[in-house]
Amino acid sequence: MIQPSFNQSILRGFIPLFEEKAEAMVRGLGEMVNAGQTFDIYRFTARCTLDMIFATTLGTDMHIQESSTCSYLDVLEELFEIVTIRAVNIFLHPQWLYRWTSVYRNELKALEEFCRPSKAILYEKKTSLSPTESGKQSSLVDQLKSSTLDNEAIEHELNTIIFAGNETSAMTVANAILLLAMHPEVQEKLYNELRIHFGPMVQHIHHETLNRLTYLEMVLKESLRLLPIAAVIGRRTTEEIDL
Ligand code: HEM
């Protein structure tokens with residue numbers, strides 16, 4: 001149902017927004033480097049991807065990167081922790097038992113916070129959505145609203161995208177940066193590729209240019225191979241398959 005929202009022309013329309021948000025992240029990182037402080041790179045990549053994902057899915061600019069703290073990010077991290085705690089503890093698997101635990105109560109609280117932004121957009125601001133600063137591209141929620149889905153289904157889709165899309169992207173970029181720092185010769189080669197295609201400043205990014213960044217693609221793929229984001233996939237085969 002949501003597949004049409006991920007077509008090439010829609011994704012391309014978001015490139016200016018991605019550029020604006022990535023620039024904000026690079027500025028923030030630059031400030032840390034200038035101050036000579038140690039920092040957790042994931043806090044930067046995750047606030048950047050959250051800004052991107054809220055703007056693309058909900059059509060609102062949350063300006064998360066403008067603040068050094070982000071309670072929504074804390075809620076997301078808590079939810080991932082709860083999923084992991086439950087997955088590795090067999091006693092927490094049966095729903096009837098899980099419902100009596102403090103982990104379940106924490107999950108309910110965290111879920112309420114997690115769902116708040118999409119609920120607010122869907123139920124409180126029904127008429128018009130505030131456009132993002134740089135993008136005229138309509139958001140996922142705009143597109144889903146003109147589909148046959150009811151509000152509950154739309155909310156579900158939005159929350160799935162926010163949950164599935166944020167941490168994966170943020171961790172991929174954070175890991176790639178870490179690996180680049182560990183392999184300066186690769187960093188140099190990548191830097192040269194960017195210089196060739198963009199000159200001294202990476203700005204006004206075009207889709208065609210992105211397609212030419214073959215070394216960048218190799219770096220990202222190799223980072224995902226070395227440090228997989230989704231190393232485990234929870235699926236049950238329902239019939240015999242040939243691999
Ligand atoms: C490096 C980045 C990413 C990785 C490695 C990744 C990986 C995965 C994997 C392994 C699955 C499970 C597939 C399966 O069960 O067969 C999945 C599902 C999914 N991903 Fe991603 N993903 C990434 C980024 C994103 C982004 C950016 C979005 C959205 C904007 C997204 C949205 C989804 C959705 C909607 C699902 C399906 C969830 C469901 O079945 O309920 N992912 N992803």
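Is histidine 204 buried or exposed? With 10 C-beta neighbours inside 10 Å, histidine 204 counts as exposed. Let us keep that residue in mind as we tour this predicted model, one view at a time.

**Figure 1. The whole protein is built from helices.** The protein has 11 helices and zero strands. If you follow the chain along its sequence, the pattern reads α-α-α-α-α-α-α-α-α-α-α. Taken along the principal axes, the C-alpha atoms fill a box of roughly 60 × 50 × 45 Å. Of the 243 residues, 19% count as buried. Among contacts with a separation of 6 or more, 70% join residues that are 24 or more positions apart.

**Figure 2. Confidence varies along the chain.** Since this is a predicted model, it helps to look at the confidence values before looking at details. The mean pLDDT of the protein is 89, and 93% of its residues reach 70 or more. Where is confidence lowest, and where is it highest? Helix H7 (residues 140-145) has the lowest confidence, at a mean of 82, and helix H11 (residues 214-226) has the highest, at 97. Do keep an eye on residues 127-135 as well, where pLDDT stays under 50. Over that stretch the model has 23 contacts beyond four places in sequence.

**Figure 3. Helices H3 and H8 pack against each other.** Two packed helices are described by the angle between their axes and the distance between the axes. Here, helix H3 (residues 41-57) and helix H8 (residues 151-182) meet at an angle of about 145°, and their axes are 8 Å apart. The crossing of H3 and H8 is right-handed. On the H3 side, the contact is made by Ile41, Tyr42, Thr45, Ala46, Thr49, Leu50, Ile53 and Thr57. The H8 side contributes residues including Leu158, Ile161, Gly165, Asn166, Ser169, Ala170, Met171 and Leu178. What kinds of residues make up the contact of H3 with H8? There are 14 nonpolar and six polar residues, and no charged ones.

**Figure 4. Threonine 49 sits in the contact between H3 and H8.** Threonine 49 belongs to helix H3. Why does threonine 49 count as buried? Threonine 49 has 26 other C-beta atoms within 10 Å, so it is buried, the cut-off being 20 or more. Not counting residues up to four places away in sequence, threonine 49 touches Asn166, Ser169 and Ala170. Threonine 49 and leucine 226 are 177 residues apart in sequence, and their C-alpha atoms are 21 Å apart in space.

**Figure 5. Methionine 171 is a buried residue of helix H8.** Methionine 171 lies in helix H8. This residue has 20 C-beta neighbours inside 10 Å and therefore counts as buried. Leaving aside neighbours within four places in sequence, methionine 171 is in contact with Tyr42 and Ile229. You have already met Tyr42 among the H3 residues of the helix contact. Between methionine 171 and valine 219, which are 48 residues apart along the chain, the C-alpha separation is 14 Å.

**Figure 6. A shell of residues surrounds the ligand.** Which residues surround the ligand? They are Thr160, Ile161, Ala164, Gly165, Thr168, Ser169, Thr172, Ile229, Ala230, Ile233 and Arg235. This shell divides into five nonpolar residues, five polar residues and one charged residue. Some names should look familiar: Ile161, Gly165 and Ser169 are also among the H8 residues in contact with H3.

**Figure 7. Two histidines have a positive phi.** Histidine 63 is not a glycine, yet its phi is positive, about 50°. You can find histidine 63 in the loop between H3 and helix H4 (71-88). With 14 other C-beta atoms within 10 Å, histidine 63 is partly exposed. Histidine 204, from our opening question, also has a positive phi of about 50° without being a glycine. Its place is the loop between helix H9 (184-198) and helix H10 (207-212).

**Figure 8. Proline 16 and leucine 226 each have a partner from elsewhere in the chain.** Proline 16 is part of helix H2 (residues 15-35) and counts as partly exposed, with 17 C-beta neighbours inside 10 Å. Proline 16 and isoleucine 205 are 189 residues apart along the chain, while their C-alpha atoms are separated by 7.3 Å. Leucine 226 is in helix H11 and is exposed, with 10 other C-beta atoms within 10 Å. The C-alpha atoms of leucine 226 and asparagine 175 are separated by 9.3 Å, with their positions 51 residues apart along the chain.

Note on methods:
Residues are numbered from 1 along each chain as its sequence is written. This is a predicted model: local features need pLDDT of at least 70, side-chain atom pairs count only at pLDDT 80 or more; totals for chains, interfaces and linings use all residues. Axes are lines fitted to C-alpha atoms, for helices over the stretch in contact, and angles run from 0 to 180 degrees between N-to-C directions. Helices (H or I, at least four residues) and strands (E, at least two) are DSSP runs, numbered from the N terminus. A crossing is left-handed if the near helix is turned anticlockwise from the far one by less than a right angle, and right-handed if clockwise. Two residues are in contact if their C-beta atoms, placed from the backbone, lie within 7 Å. Ala, Val, Leu, Ile, Met, Phe, Trp, Tyr, Cys and Pro count as nonpolar, Asp, Glu, Lys and Arg as charged, and the others, Gly among them, as polar. A residue is near a molecule or strand if its C-beta atom, placed from the backbone, lies within 6 Å of it. pLDDT is the predictor's confidence in each residue, from 0 to 100. A residue is buried if 20 or more other C-beta atoms lie within 10 Å of its own, exposed if 12 or fewer, and partly exposed in between; C-beta atoms are placed from the backbone.
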